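Biologist: I would like a close look at one part of this model, namely its salt bridges and the elements they connect. Please take the structure below as the starting point.

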Amino acid sequence: MLGDTHGKKLNKYVKDYVVFDLETTGINCMTDKVIEISAVKVKEKKVVDEFSTLVNPGMKIPFRASQVNHIYDDMVKGAPVFEEALEDFDAFIGDMVLVGHNIHTFDMKFIWRDTYAYWGKALANDYIDTLALSRQCLPQLSNHKLTDLADHYCILTDGAHRALADCRMNQKVFEKLGEALKSPTVRKSMKICPRCGQIMKKRSGKFGEFWGCGGYPNCRYTENI
């Protein structure tokens, strides 16, 4: 869903959402390109549709990237360019909440960059980063990579580092995190905003520390410590 401003980051579980993932030529959102985009649509906690396409980046895929995602130049030769793939992705997701692992600092930056470049618009969908949720729900884990979370929940990791396989894996992880958020133990360790349901964070102001909603600036609820 395109709009004038990009969507806000949520820190809660929702039952209707689209999990998505990108594979890229590298980690620099200023210079690297998308070479695969996939998504899994979920309604009432059930997978109802999938979307996936390779993308021709218009450049040679670095060998170090291919070593990770196993996508090579000959595979993307006849694939659509990202402008076409992104238009199809936007139609697939509609106005649904997006879910992904480490998307706040990685995938969303690629998406926002290219929606602005192609159409002068932002992707306005709200989104949830399962990396942030896992750190809240599973502080005992030393690592919070998607495969670490899958191992923790006994979810198969076959095909990891290809976009659609990672989406399927992350969808199962997100459902487990949603259950964890209901746990009295987890809820006791977190402070939940009574106004919007997002996780509250300790913040500092000119009068000292206070609890502020993680959904700020959309939700400005605060509490004294």
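Biologist: How many salt bridges does a search of the whole structure find? Please go through some of them in detail, with the strands, helices and loops around them.

Modeller: The model is predicted, and a search of the whole of it finds seven salt bridges. I take three of them in turn, including the one between lysine 8 and aspartate 126.

In that pair the side chains meet with an N to O distance of 3.0 Å. Lysine 8 belongs to the loop between β1 (2-3) and β2 (9-10), and aspartate 126 to the loop between β7 (122-123) and β8 (127-129), so the contact ties together parts that are 118 residues apart in sequence. Lysine 8 has a relative accessibility of 28% and therefore counts as partly exposed, since the partly exposed class runs from 20% to 50%. Histidine 6 sits in the loop between β1 and β2 as well. With 40% relative accessibility, histidine 6 is partly exposed. Its C-alpha atom is separated by 5.1 Å from that of leucine 123, although the two residues are 117 apart along the chain.

The second pair is arginine 162 with glutamate 36, where the closest N and O atoms are 2.8 Å apart. This is again a link between distant parts of the chain: arginine 162 lies in the loop between α6 (146-152) and α7, glutamate 36 lies in strand β4, and 126 residues separate them. The two ends fall into separate accessibility classes. Arginine 162 is partly exposed because its relative accessible area is 26%, while glutamate 36 is buried because its value is 4%, the cut-off for buried being under 20%.

The loop that holds arginine 162 also holds histidine 161, between α6 and α7. Histidine 161 has a phi near 80°, which is positive in a residue other than glycine. Most residues other than glycine have a negative phi. Histidine 161 counts as partly exposed because its relative accessibility is 39%.

In the third pair, glutamate 50 meets arginine 168, with the closest N and O atoms 2.9 Å apart. Glutamate 50 is in strand β5 and arginine 168 in helix α7, so this salt bridge ties together parts 118 residues apart in sequence. Both residues are partly exposed, because the relative accessibility is 34% for glutamate 50 and 38% for arginine 168.

Helix α7 covers residues 163-182, and 15 of its 20 residues are buried, so that the helix is mostly covered. The length of α7 can be checked as well. At 1.5 Å a residue the helix should span 28 Å, because the expected span takes one less than the number of residues, and the end C-alpha atoms are 29 Å apart, which agrees.

Strands β4 and β5, which carry glutamate 36 and glutamate 50, are themselves paired. Strand β4 (residues 34-43) runs antiparallel to strand β5 (residues 46-54), and eight bridges join the two. One of the bridge pairs is alanine 39 with phenylalanine 51 in β5. The two strands form a hairpin with two residues between them, and glutamate 44 in the turn has a positive phi of about 55°. Another positive phi, about 65°, belongs to asparagine 102, which is not a glycine. Asparagine 102 is in the loop between β6 (98-100) and α4 (107-119) and counts as partly exposed because its relative accessibility is 29%.

For context, there is also an open sheet of three strands, in the order β9-β10-β11, with antiparallel pairing. Strands β9 (200-205) and β11 (222-224) stand at the edges with a single partner strand each, so one side of each has no neighbour in the sheet. From one strand to the next the twist averages 35°. Three bridges pair strand β10 (residues 208-213) with β11, and tryptophan 211 has glutamate 223 in β11 as its bridge partner.

Finally, the surface includes a nonpolar patch of about 300 Å², made by Phe63, Tyr72 and Met75. Methionine 75 is placed in helix α2 (residues 73-76), and methionine 75 counts as partly exposed because its relative accessibility is 32%.

Key. Residues numbered from 1 in each chain as written. Predicted model: local features only at pLDDT ≥ 70, side-chain atom pairs only at ≥ 80, totals over all residues. Heavy atoms only, no water. Patch = residues over 30% accessible without salt bridge, like charges linked within 9 Å, V, L, I, M, F, W, Y side chains within 5 Å. Areas by Shrake-Rupley, 256 points an atom, 1.4 Å probe, with all protein chains shown as cover. Salt bridge = Lys/Arg side-chain N within 4 Å of Asp/Glu carboxyl O. Helix = DSSP H or I, 4+ residues; strand = E, 2+ residues; numbered from the N terminus. Buried < 20%, exposed > 50% of the residue type's maximum accessible area, 1.4 Å probe, protein only. Pairing = 2+ DSSP bridges. Axes fitted to C-alpha atoms, helices over the stretch in contact; angles between N-to-C directions.
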